[in-house]
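Here are a few exercises to work through with the model open beside you. Try each task before reading its solution.

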Amino acid sequence: QVQLVESGGGLVQPGGSLRLSCAASGIIFSSYAMAWYRQAPGKLQEVVATITTNGFTDYQDSVKGRFTISRDNAKNTMYLQMSSLKPEDTAIYYCRAQYTSYWGQGIQVTVSS
């Protein structure tokens, strides 16, 4: 069965960094475009960053220059390196195999002093 499992979230101070991981199983990971989404309290879910099978990336404007999405097909894992974190980055972060119903369970990221 397909599983996407996020890890690496937690509490961090403003200006700090975190790296999220999304470990995939049950799919041919290299065949899927992947993405990170997030949902903050009281807000709609939004896409944060995407990466194609060829490694091309795209970002939401609010995270450009601060977040980096990457993938390691040999490890069936996608990453989101988050730097210069702001309180408004606080949300539950989800990974997704793009254009499918395959989602991770979500992981909390809280940016607070």
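Two strands count as paired if DSSP finds at least two bridges between them. Keep in mind that this is a predicted model.

**Exercise 1.** Find how many bridges join S3 to S8, and in which sense the two strands run.

*Solution.* Start at Leu-18, which stands opposite Met-82 in S8. Following the pair along, you should find six bridges, with S3 and S8 running antiparallel.

**Exercise 2.** Work out how S7 pairs with S8, and examine the turn of their hairpin.

*Solution.* S7 and S8 are antiparallel and share six bridges. One pair to look for is Arg-71 with its bridge partner Met-78 in S8. The hairpin has four residues between its strands, and Asn-76 in the turn has a positive phi of about 55°.

**Exercise 3.** Decide whether S8 is largely enclosed or open, and see what Met-78 touches.

*Solution.* Five of the six residues of S8 are buried, so this strand is largely enclosed by the rest of the structure. Leaving aside residues up to four places away in sequence, Met-78 touches Leu-20, Cys-22, Trp-36, Ile-51 and Cys-95, among others. In the largest nonpolar core, which has 29 residues, Met-78 is among those touching the most other members, along with Trp-36, Leu-80, Met-82 and Tyr-93.

**Exercise 4.** Trace the open sheet of six strands and name its edges.

*Solution.* The order is S2-S10-S9-S4-S5-S6, with mixed pairing. The edges are S2 (10-12) and S6 (57-59), each pairing on one side only. S2 pairs with S10 in the parallel sense over three bridges; Val-12 has Val-111 as its partner there.

Technical notes: Residues numbered from 1 in each chain as written. Predicted model: local features only at pLDDT ≥ 70, side-chain atom pairs only at ≥ 80, totals over all residues. Heavy atoms only, no water. Core = buried A, V, L, I, M, F, W, Y, C linked by side-chain atoms within 4.5 Å. Buried < 20%, exposed > 50% of the residue type's maximum accessible area, 1.4 Å probe, protein only. Contact = heavy atoms within 4.5 Å.
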